[in-house]
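Reader: I am new to this structure. Please take me through it in short questions and answers.

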2 protein chains.
Amino acid sequence: MRDKPMTIRDIAKEAGVSRATVSRFLNGGHWVSEESAKRIQDVIDRTDYVANERARSLATGRSNSVAFLLGEPQELLFADPNFSTLLRSIADELGRKGMSLIMMTTDNENENRRNLKYLRGGHVDGVLLVAWHLGVRKGLIHSLHAMEMPVVVAEYPSVDSDSTSYVHVDDYRGAIRATRYLAERGAGSIGMIAGPEGPSGTLARVRGYRDVVKDMTGEPAWIEHGDYSKDSGHDAALRLLDRAPDLDGIFASSDLMAVGAMQALRERGKSVPGDVQVIGFDDQPLAQISEPPLTTMRQPFAEIGKRMVDQLLVLLEGGLPVGTTLPLELIVRQTTR
Amino acid sequence: MRDKPMTIRDIAKEAGVSRATVSRFLNGGHWVSEESAKRIQDVIDRTDYVANERARSLATGRSNSVAFLLGEPQELLFADPNFSTLLRSIADELGRKGMSLIMMTTDNENENRRNLKYLRGGHVDGVLLVAWHLGVRKGLIHSLHAMEMPVVVAEYPSVDSDSTSYVHVDDYRGAIRATRYLAERGAGSIGMIAGPEGPSGTLARVRGYRDVVKDMTGEPAWIEHGDYSKDSGHDAALRLLDRAPDLDGIFASSDLMAVGAMQALRERGKSVPGDVQVIGFDDQPLAQISEPPLTTMRQPFAEIGKRMVDQLLVLLEGGLPVGTTLPLELIVRQTTR
DNA sequence: TTGAAAGCGGTACCAT
DNA sequence: ATGGTACCGCTTTCAA
């Protein structure tokens, strides 16, 4: 190993060619003779030369790296296994394409400004944006558009939606599938524990649930909101039981809430899935560990990450923004009959 | 917003000074008159100019970014909330210092080579290394040293330990604290569900457990190994019960294994904490959710991340490598009396 | 205190 | 095919 890294000059000299030739060789090898190519390759092998990516990006104007921008203070997010899955799949996919991932988190308005500034600094070619909160997302998309930064959003943009690439999940159909499954397995009175009011995801799921209940069971719709935490699921289930003591099915908008609901059910002396069938949403690891293992709708986070990267690359090539809607998959375990 | 980003030239021209002066202003403002400073500041404010970080790093030789290198294929790691906590705290701390984080994952030997090459490409000033597996860790530390790359390791390096910065947790004392607590609360026959054999962490914890058992209970030590998964904890607990039917305390080396053990206990008709007290290790979110909530040793991952960043910055300033050993904290919940 | 100019390590255009 | 060379945007002597 040498102290001072080699430069393209060293290689050129060593190989007896000009640096222009070496450069060409490095970038596809067109217009360089077999002869020269071989000599250059030899030298490179011998010296384990690696091009300085920064110099290169200065010259080309491309940085070969993209930012993963987490647009809001979310302690919870990092603790959320789903989020980690997303991040991991993005990191992998990017690595596969030879690009690097720069992580940017936002904890406050100050950091937000700094991040935006950083992005304008020419560090990255594009941005993968995660911002579940609608207002934040809109603002960020706006800023990014303004600086003409290519961006792919996880979730439906809800602003400039036709000029913004995004990848999201079909919440409406997922909810339909979940609720219908409960009905098919014999549940006649189905309640829903929804996420916080506001987000479009919540709306879509509630809509799906409502449509099925109306069609299939003829029973009224029972809806309580939680905040995705276990406790909120527990409390919501209690409220549900108060309103509809004969409830025999619960569709929860997250696995965590489903687990909380099951606890509440146990407290009220109801068995799962005997008395009440339960279905969750996410399929995070907890779903397999819970007692009994939870039937749930799986979010394809790995796939989402992969798509996001692909779509960003398309944008970088000058392609047009597209939106992808991925299906949710029903994973049957033991909280349904 | 303008199309072509501004350059230092534009600012200089606009402010009626040379780019050298602007540059000096940007870097601390020494040797630039009040007069000029004000004019430059004005122009910058007006144009929201941001220096091109790549050009800067080409000129200075410093990149202002560090790599988070995950040295081994670890599907599980990303699903591990602890890992996420670590990552998050590192991202935050780095952000606070105005540096950026480049994520590097390794899935196979190929990627490993690519990563190493990337590091040699001058992208980053230093590396934060996570590689739980001993062999991998040693190899990586070696490679990093060879290319004179500053590095801070999460975990005890086990190689070049006195010339390598690291941050780790005091497994030995943690195990002592956990086992002793069990004994103090009345457990007379304590078994341990340890992690996989091999890693130094496992060894240290086993040692701590042994020392306490020998001192306090006078009973023999019962040890079974798991692989940190829930199922392995379940099975290990069963083996433990077979060997020592009167067991009234279990110290598990991870929360997940503790939860598995509790399930096994239930199957054998033992109550927790009535018949058997259980204590876990990690304090991941699961510990609060489990039934009953788990007493456990908390790993200070946020603190670990912060320290790693701090120590890396020290290295970058030319400081000497140091090792930090952090204490584990006992979190009492309801699986102990 | 300031500015001119020589890099930093590549890329890419233009002759040859 | 190849080499010369003018940048890319910024930092950093060095002289003034």
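Author: A polar contact is a pair of N or O atoms within 3.5 Å; within protein, one must be able to donate a hydrogen and the other to accept it, and residues adjacent in sequence count only if both atoms are side-chain atoms. This is a predicted model, in which local features need pLDDT of at least 70, side-chain atom pairs count only at pLDDT 80 or more, and totals for chains, interfaces and linings use all residues. Residues are numbered from 1 along each chain as its sequence is written, chains are lettered from A and ligands numbered from 1 in the order in which they are written, and side-chain values use heavy atoms, with hydrogens and water left out.

Reader: How far is a phosphate oxygen of DNA strand D from an N or O atom in the side chain of B:Ser23?

Author: In chain A, the side chain of A:Thr21 places an N or O atom 2.8 Å from a phosphate oxygen of DNA strand D. For B:Ile8, a polar backbone atom is 2.3 Å from a phosphate oxygen of the strand. For the side chain of B:Ser23, the distance from an N or O atom to a phosphate oxygen is 2.8 Å.

Reader: At what angle do H2(A) and helix H3 of chain A pack?

Author: Helices here are DSSP runs (H or I, at least four residues), numbered from the N terminus. Axes are lines fitted to C-alpha atoms over the stretch in contact (heavy atoms within 4.5 Å), and angles run from 0 to 180 degrees between N-to-C directions. The axes of H2(A) and H3 (residues 34-47) of chain A are 10 Å apart, and the angle is about 85°.

Definitions and conventions:
Helix = DSSP H or I, 4+ residues; strand = E, 2+ residues; numbered from the N terminus.
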